Amino acid sequence: MALIERRTEIAAPADYVYAVSQDYAVRYDWDPFPERIEMVGDAAAPLGSEVRVRNKFGLRMQVRFVQLKPPGLAAIAMVRGPWFLEKFAGTWIFQALDPQRTQARFRYSLRARPRWLRWAIEPLAARYFDAVVRRRLAGLKTYCERSRETPL
């Protein structure tokens, strides 16, 4: 199993950073990963709800929210995904460093398939998702630091 973890410090309050990260109305403004996001079922009950995501390369994944603890944590697990992923999970953690600074940490874990090719696919998938995490954190940081005076 591959683990990917990156973190960054954001000059904005933790509750604001969390709210931006979970607000699909502004997701396209900061997140370079998705081309399309679609809520599945009842979005009014976020825990257990599912989201379909298609990235700009056509990669599709459906995830379920398995843990939500605003303003500190949101976690997902893959329900359906690309052929090369057996398992995928992600946790976004937001820790207040002080009232105006937040450490945002994105942690992903994945297991590749087929098993007999895991040795080749998993490092490539990990490298790809590591780049995704870096770009997503940079986008979140830029968005929050530029827009935090503007209410959501």
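1. E50 is buried, at a relative accessible area of 12%. In this predicted model, the side chain of E50 meets that of R64 in a salt bridge, 2.3 Å from N to O. E50 sits in strand β3 and R64 in strand β4, so the pair links distant parts of the chain, 14 residues apart. R64 has a relative accessible area of 35% and is partly exposed. The cut-off for buried is under 20%, which is why E50 falls in that class and R64 does not.

2. D31 and R136 form another salt bridge, with an N to O distance of 2.6 Å. D31 belongs to the loop between α2 (27–30) and β2, and R136 to helix α3 (residues 118–147). The pair therefore ties together parts that are 105 residues apart in sequence. Buried or exposed? Both D31 and R136 are buried.

3. E86 pairs with R118 in a salt bridge, and their closest N and O atoms are 3.0 Å apart. This bridge also links distant parts of the chain: E86 is in strand β6 (residues 85–98), R118 in helix α3, and 32 residues separate them. E86 is partly exposed, with a relative accessibility of 33%.

4. How many salt bridges does the rule give? The count comes to 17. E5, R7, R105 and R107 are joined in a network of such bridges. Side chains of opposite charge can pair when their charged atoms come close.

5. Now the pocket. The largest pocket holds about 170 Å³ of space. Its lining consists of R36, I37, E38, R52, V53, R54, R60, M61, Q62, R80 and G81. Which elements give two or more residues to this lining? They are β2 (34–40), β3 (50–55) and β4 (60–69). Strands β3 and β4 thus appear twice in this note: they contribute to the pocket lining, and they carry E50 and R64.

6. The lining of the largest pocket divides into six charged, three nonpolar and two polar residues. Among the lining residues are R36, E38 and R52, which count as charged. I37, V53 and M61 are in the lining too and count as nonpolar. Q62 and G81 also line the pocket and count as polar.

7. One residue in helix α1 (residues 14–22) deserves a look: V20. V20 is buried, with a relative accessible area of 0%. From V20 to Y128 the separation is 108 residues in sequence and 24 Å in space, C-alpha to C-alpha.

Key. Residues numbered from 1 in each chain as written. Predicted model: local features only at pLDDT ≥ 70, side-chain atom pairs only at ≥ 80, totals over all residues. Heavy atoms only, no water. 1 Å grid on protein atoms, 1.4 Å probe; cavity = no way out; pocket = protein on both sides within 12 Å on 5 of 7 lines; lining within 4 Å. Points joined across faces, edges and corners; volume = space filled by probe spheres on them. Helix = DSSP H or I, 4+ residues; strand = E, 2+ residues; numbered from the N terminus. Buried < 20%, exposed > 50% of the residue type's maximum accessible area, 1.4 Å probe, protein only. Salt bridge = Lys/Arg side-chain N within 4 Å of Asp/Glu carboxyl O.
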